[in-house]
Amino acid sequence: MSLAKTKHIEQSTVLYMNGVSVSFDGFKALNSLSLYIEPGEMRAIIGPNGAGKTTMMDVITGKTRPDEGTILFRDEQDLTRYDEAQVANMGVGRKFQKPSVIESLTVFENIEMSLKGGRSVWQALVQKLTPARQQKIDEILELIDLTDRQHEEAGSLSHGQKQWLEIGMLLGQEPELLLIDEPAAGMTDEETMKTAELFKRLAKKHSLMVVEHDMDFIEALDCKVTVLHEGRVLAEGSLETVKANPQVIEVYLGR
Amino acid sequence: MSQEFKGGPLTRLIMNDKAGRKLLLALLLVSVLVPLSNLLVPEGSFFHVSTFTMTLLGKYLCYALLAVAVDLIWGYCGILSLGHGAFFALGGYAMGMYLMRQIGDRGVYANPELPDFMVFLNWTELPWYWQGFDQFWFAMVMVLAAPGILAFVFGALAFRSRVTGVYLSIITQALTYALLLAFFRNDMGFGGNNGLTDFKDILGFDLQADGTRAALFFASGIALIVGYLISRFIVTSKLGRVLVAIRDSESRARFMGYRVEWYKLFVFVVSSMLAGVAGALYVPQVGIINPGEFAPINSIEIIIWVAVGGRGTLYGAVIGAVLVNYAKTYFTGAFAELWLFMLGGLFVLTTLYLPKGVVGLWHQIQEKRRSPGGPGGGSDIAAEGKA
């Protein structure tokens with residue numbers, strides 16, 4: 001009875017991390033970290049350098065194996081057992097801190113390649129650009145405001161545009177959960193606000209986990225905030241609550 | 001990009017590849033005209049191509065196919081193989097074994113079954129791995145299978161363990177060196193130091209006859225054209241863009257959900273087979289295959305051909321292979337001792353001043369001529385070089 005009940009409660013998470021620890025040469029990058037993300041939720045993650053933000057993303061996306069702990073995706077798949085490509089195909093998209101688009105391909109080709117499906121070698125060799133895929137690409141280009149530059153090499157885009165292109169590539173994968181590392185880094189104020197708007201729109205269909213340092217950006221996201229420190233959760237709640245937390249002020253915000 | 005041709009896959013492949021189209025046309029003309037002028041135009045005429053020259057050009061065509069194979073993995077997928085000579089040599093040995101069996105009882109020891117070197121070693125019967133090579137079709141299967149299987153096993157181990165960059169280059173180099181040492185041994189059963197030679201005929205045709213030479217030349221030209229088209233088909237498909245993604249940002253490709261190791265393995269195996277075919281056509285034209293073909297320096301030379309021609313274009317590899325080998329033929333005749341220094345210098349110069357090779361230089365010159373005002377409108381050139 002009680003088992004069924006707990007299970008029912010757990011089913012409302014897209015991402016379930018419990019007691020996850022990772023250490024590198026004795027240094028505990030993650031120290032029994034627990035975190036839950038609900039479907040359609042947007043979550044901001046903040047924390048000082050070395051708090052374990054990037055390691056956390058590595059662990060979720062199959063790049064790093066945790067020493068212990070559970071990571072469940074949609075309550076069923078144990079993400080610690082799969083590699084990067086498999087995790088990506090399950091529906092977890094990741095955006096890096098440094099914009100990593102394929103610079104020598106065009107904007108269009110970057111999006112085309114990201115579109116869901118056709119991941120096997122054979123499919124990639126014979127796959128054609130169907131009208132449905134073309135339409136999907138057009139929609140994404142429209143959304144990220146790069147329709148005019150679709151035939152230019154991605155390397156020629158500005159920093160902010162590359163960030164957007166990478167977000168567009170994430171959307172092409174149609175993930176349920178998006179992990180986004182410092183999207184606002186290097187963006188102008190206007191671009192930052194546009195990005196926040198875009199994320200808020202996305203949060204209705206996807207779950208988002210956004211790592212960011214820019215407090216204005218987080219304020220604009222207007223969502224629940226988790227503060228990481230030394231590989232574990234230090235505080236969680238609305239931005240105001242977190243900002244008022246004395247420990248958070250001590251380690252992160254400064255006096 | 002701007003004007004996409006529709007139609008069958010082959011038409012599209014050729015029509016959307018401006019530079020490649022010119023190259024293919026030139027190759028087709030060479031493949032047909034050189035043999036014809038050798039056979040039909042009387043000796044002494046200006047238009048006569050001697051058998052010596054034709055054989056030399058045939059060698060260049062084989063090298064060009066080898067260069068295309070290397071460009072496919074290095075230029076598009078960033079796999080810098082310093083051991084591709086091994087696949088070329090394996091294809092060559094497979095062909096050589098067939099040619100040895102063709103000698104029959106015309107060898108010095110007149111043994112109908114065993115090649116001379118086996119009789120010399122006092123062997124009484126043919127080793128198991130020489131069985132079947134009296135059949136041409138079997139030898140041709142092995143020309144593809146021997147390099148392909150080695151590349152598959154080697155690639156599966158290396159790529160699954162995520163060996164990349166310099167480390168991968170070093171182990172490919174070690175691979176070809178290990179094979180060099182192995183093939184030097186007499187008891188390997190491949191003729192040891194001397195390799196396989198004294199071939200008599202192929203499919204019943206005398207290898208010394210002009211007609212056979214002409215046919216081999218034609219076959220080399222066609223193999224290069226087909227190899228180019230296969231490579232071109234791969235790099236223009238979505239798979240080709242995944243390869244470029246792996247080259248530029250391997251982790252991005254992984255996080256997009258592509259199993260990078262399978263893509264690398266596929267293109268590595270295809271490339272090894274192209275190299276094997278090149279080796280198989282090379283051997284009957286030069287008349288010998290020996291372990292020297294496994295020498296690491298040979299594999300490094302291929303890299304230089306591709307770099308000089310311009311990597312990541314396929315046609316650049318063809319141009320580079322022909323140019324460098326023509327230079328080699330000329331200079332090893334004129335100043336033999338200096339050639340290796342010149343080759344090294346050429347590589348240094350290309351790396352420093354011509355990162356896109358001769359092809360890139362050509363594009364730059366054209367660009368300047370088109371818009372003397374300065375740079376700009378570069379996207380067309382970039383697309384041309386990359387696509």
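Two strands count as paired when DSSP finds at least two bridges between them. With that in mind, let us walk through the sheets of this predicted model, starting from one central topic, strand E8 of chain A.

**Strand E8 and its partners**

Strand E8(A) covers residues 207-211, and 5 of its 5 residues are buried. Both of its faces are covered: Ser207(A), Met209(A) and Val211(A) lie on one side, while Leu208(A) and Val210(A) lie on the other. Strand E3 (residues 42-46) of chain A pairs with E8(A) in the parallel sense, over 4 bridges. Strand E7 (residues 177-181) of chain A is also parallel to E8(A), and here the pairing runs over 5 bridges.

If you would like to find these pairings in the viewer, the residues below are a handy place to begin.

| Residue | Stands opposite | Strand of the opposite residue |
|---|---|---|
| Ile45(A) | Val211(A) | E8(A) |
| Asp181(A) | Val211(A) | E8(A) |
| Arg43(A) | Met209(A) | E8(A) |
| Phe73(A) | Gln77(A) | E5(A) |

Val211(A) thus appears opposite Ile45(A) and also opposite Asp181(A). What links E7(A) to E8(A) along the chain? Helix H8 (residues 189-202) of chain A joins them in a right-handed β-α-β unit.

**The six-stranded sheet**

Stepping back, E8(A) belongs to an open sheet of 6 strands in chain A, ordered E6-E7-E8-E3-E9-E10, with mixed pairing. Strand E6 (92-95) and strand E10 (232-237) of chain A each have a single partner strand, so they stand at the edges and one side of each has no neighbour in the sheet. From one strand to the next, the twist averages 20 degrees. Helix H11 (residues 246-253) of chain A packs on this sheet, where it touches E3, strand E9 (224-229) and E10 of chain A. The direction of H11(A) makes about 120 degrees with that of E10(A).

**The four-stranded sheet**

Chain A also has an open sheet of 4 strands, in the order E2-E1-E4-E5, and its pairing is antiparallel. Which strands stand at its edges? They are strand E2 (27-37) and strand E5 (77-78) of chain A; each has a single partner strand, so one side of each is left without a neighbour in the sheet. E5(A) is joined to strand E4 (residues 68-73) of chain A by 2 bridges, and these two strands run antiparallel. In this pairing, Phe73(A) stands opposite Gln77(A) in E5(A). Helix H2 (residues 53-60) of chain A packs on the sheet, touching strand E1 (15-24), E2 and E4 of chain A. Its direction makes about 65 degrees with that of E2(A).

Notes. Residues are numbered from 1 along each chain as its sequence is written. Chains are lettered from A and ligands numbered from 1 in the order in which they are written. This is a predicted model: local features need pLDDT of at least 70, side-chain atom pairs count only at pLDDT 80 or more; totals for chains, interfaces and linings use all residues. A residue is buried if 20 or more other C-beta atoms lie within 10 Å of its own, exposed if 12 or fewer, and partly exposed in between; C-beta atoms are placed from the backbone. A crossover is right-handed if, with the strands pointing away from the viewer, the path from the first strand over the helix to the second runs clockwise. Axes are lines fitted to C-alpha atoms, for helices over the stretch in contact, and angles run from 0 to 180 degrees between N-to-C directions. Two residues are in contact if their C-beta atoms, placed from the backbone, lie within 7 Å.
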